[in-house]
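New to this one? Here is a quick briefing to read with the structure open beside you.

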Amino acid sequence: MTPLPLALTMGEPAGIGGETTAKAWRALRESGPAFFLIGDPAQCPDVPTTMIEAPEQAAAAFATALPILPRPLAAPLRLGHPDPANAPAVIGAIEQAVQLALAGRVGAVVTNPIQKAVLTAAGFRHPGHTEFLGELAGDGGPPVMMLACPGLRVVPVTIHVALAEALRSLTTAMIVEQGRIVAAALRRDFGLAQPRLVIAGLNPHAGEAGTMGREDIEIVAPAIAALRAAGIAARGPLPADTMFTPRARAGYDAALCMYHDQALIPIKTLDMDGGVNVTLGLRIIRTSPDHGTALDIAGQGLADPGSLIAALRLAGEMAASRARESAP
Ligand SMILES: NC(=O)C1=CN([C@@H]2O[C@H](COP(=O)(O)OP(=O)(O)OC[C@H]3O[C@@H](n4cnc5c(N)ncnc54)[C@H](O)[C@@H]3O)[C@@H](O)[C@H]2O)C=CC1
Ligand SMILES: NCC(=O)COP(=O)(O)O
């Protein structure tokens, strides 16, 4: 059976998404996975494109042209200069991709990066895709952000909030709930029968026995105990400054981190061009490149498509594996 195509959203049209989409199409046109862009043809002027009316037309067209399910921009495209007038198209593309995935007409949703502040200024009330997707396609629990590259997977337990708010909002229950979702996803989608989780400490030296903050004793350690009681191989709290060395990374399958930068600095430092952002805990598959809109280089031909290609490949693999799982 031909695999379902992947829906790739336009992201911020003034960013590098159009360029990386075109480069990804060139790289994948022969091997697949087949994908189509929900966007405006003006985003990809340097590759052959073909307009489609339905996802079902994408696979046949993919080898010769980038299929586009049109979603026209309201304001002319100026690379490097986002226009809030285009926000409805950016948001609409995400909504359309999710609807297609929920209807079983695409194998997965892959998102190009959005310029968060521009969408916020236009009235969008979610800090990122992750939270928006949780609302559109949640599965009863919270959406969980995981970034993965060869040799490292990280999960920020608190995501797009100010650091002070992350510290205020962190609870044992959040860590436990996300640990369970991560362990289940590693089993289901990443083929790990007994996933090994490590949990980062919040404070320097994981609190140094309470002398540098009591959160590691009062919030993090009870979460690890609860995860272990649930049969999940979890350990910590580990001092965050040494848990990403090559030796340490060999001892676990995913690291739960207490705030955004604790998770994302190590992975982007290790593999900015190969990292993939995967949202766990949804009723659909969603991946994305790990980088943002890179407005500073938009239109200069400098954008590396590696992370988007990795995101498309991972989405294709996850979709194929779920299709095998549900086959009679
Ligand atoms: N999934 C998403 O929608 C994401 C969106 N963003 C958004 O992107 C915007 C810009 O964020 P920044 O923090 O500046 O991060 P960024 O990733 O856009 O850029 C950081 C630096 O890396 C460079 N860079 C990024 N991707 C590159 C690529 N593929 N090839 C070559 N160079 C690349 C940029 O030129 C810049 O110098 C923000 O609005 C942010 O919220 C950021 C991350 C993910
Ligand atoms: N820093 C990661 C990031 O911003 C990705 O967010 P999302 O849009 O995938 O929720």
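What follows is a short tour by topic, from the domains to some backbone oddities.

Keep in mind that this is a predicted model. The protein chain splits into domain 1 (1-138 + 282-328) and domain 2 (142-281). Taken over C-alpha atoms, the domain centres sit 28 Å apart.

**How the two domains meet**

- Domain 1 puts 22 residues into the contact, and domain 2 puts in 18 residues.
- On the domain 1 side, the elements giving two or more residues are α5, β12 (286-289) and α11 (306-326).
- Helix or strand, α11 is the one to look for here: α11 supplies 7 residues, the largest share of that side.
- Sorted by class, the side of domain 1 that touches domain 2 holds 8 nonpolar, 10 polar and 4 charged residues.

**The nonpolar core**

- In soluble globular proteins, nonpolar side chains tend to be buried together.
- Here the largest nonpolar core has 98 residues, and the members touching the most other members are Ala108, Val155, Val182, Leu197, Ile199 and Leu256.
- α11 turns up again, giving this core 9 residues, its largest share.
- The core isn't confined to one domain: at least three of its residues come from each of domain 1 and domain 2.
- For a closer look, try Val182, which touches Val144, Met146, Val155, Leu197, Ala254, Leu256 and Leu280, leaving aside residues up to four places away in sequence.

**A first annotated binding site, and ligand 2**

- An unreviewed UniProt entry marks His129, Thr130, Lys268, Asn277 and Arg286 as "binding site".
- His129 lies in helix α5 (residues 129-137).
- Is His129 buried or exposed? His129 counts as buried because it has 25 C-beta neighbours inside 10 Å, and 20 or more is the cut-off for that.
- Beyond four places in sequence, His129 touches Ile94, Thr111, Ile114 and Ser288.
- Asn277 belongs to strand β11 (residues 276-280), and Asn277 is buried too, with 24 other C-beta atoms within 10 Å.
- The contacts of Asn277, again skipping residues up to four places away, are Met145, Leu147, Thr287, Ser288, Pro289 and Asp290.
- Which residues are around ligand 2? They are Gly128, His129, Thr130, Leu264, Asn277 and Ser288.
- By class, the shell around ligand 2 is 1 nonpolar, 5 polar and no charged.

**Around ligand 1**

- Ligand 1 is surrounded by 20 residues, and the closest are Pro113, His291, Gly292, Ala294 and Asp304.
- The shell of ligand 1 breaks down into 8 nonpolar, 9 polar and 3 charged residues.

**Three annotated histidines**

- His160, His205 and His260 also carry the "binding site" annotation from an unreviewed UniProt entry.
- These three span 101 residues of sequence and are spread in space as well, with up to 24.2 Å between C-alpha atoms.
- His205 lies in the loop between β8 (196-200) and α8 (215-229), where His205 is partly exposed, with 16 other C-beta atoms within 10 Å.
- Not counting residues up to four places away in sequence, His205 touches Met212 and Pro239.
- His260 is in helix α10 (residues 260-271) and counts as partly exposed, with 18 C-beta neighbours inside 10 Å.
- With the same sequence limit of four places, His260 touches Pro156, Thr158, Ile159 and His160.

**Backbone oddities**

- Most residues other than glycine have a negative phi, and most peptide bonds are trans.
- The bond from Gly32 to Pro33 is cis, with omega near 5°, and Pro33 lies in the loop between α1 (17-28) and β2 (35-39).
- Gly236 and Pro237 are also joined by a cis peptide bond, with omega about -5°, and Pro237 is in strand β9 (residues 233-238).
- Ala209 has a positive phi of about 55° although it is not a glycine.
- Ala209 is in the loop between β8 and α8, and Ala209 is exposed, with 10 other C-beta atoms within 10 Å.
- Ala294 has a positive phi as well, near 45°, and lies in the loop between β12 and α11.
- Ala294 is partly exposed, with 19 other C-beta atoms within 10 Å.

Key. Residues numbered from 1 in each chain as written. Chains lettered and ligands numbered in written order. Predicted model: local features only at pLDDT ≥ 70, side-chain atom pairs only at ≥ 80, totals over all residues. UniProt positions renumbered as here; feature names shortened; annotations may be inferred. Helix = DSSP H or I, 4+ residues; strand = E, 2+ residues; numbered from the N terminus. Buried ≥ 20, exposed ≤ 12 C-beta atoms within 10 Å, placed from the backbone. Contact = placed C-beta atoms within 7 Å. Near = placed C-beta within 6 Å. Nonpolar A, V, L, I, M, F, W, Y, C, P; charged D, E, K, R; others polar. Domains from an automatic or database assignment. Core = buried A, V, L, I, M, F, W, Y, C linked by C-beta atoms within 7 Å.
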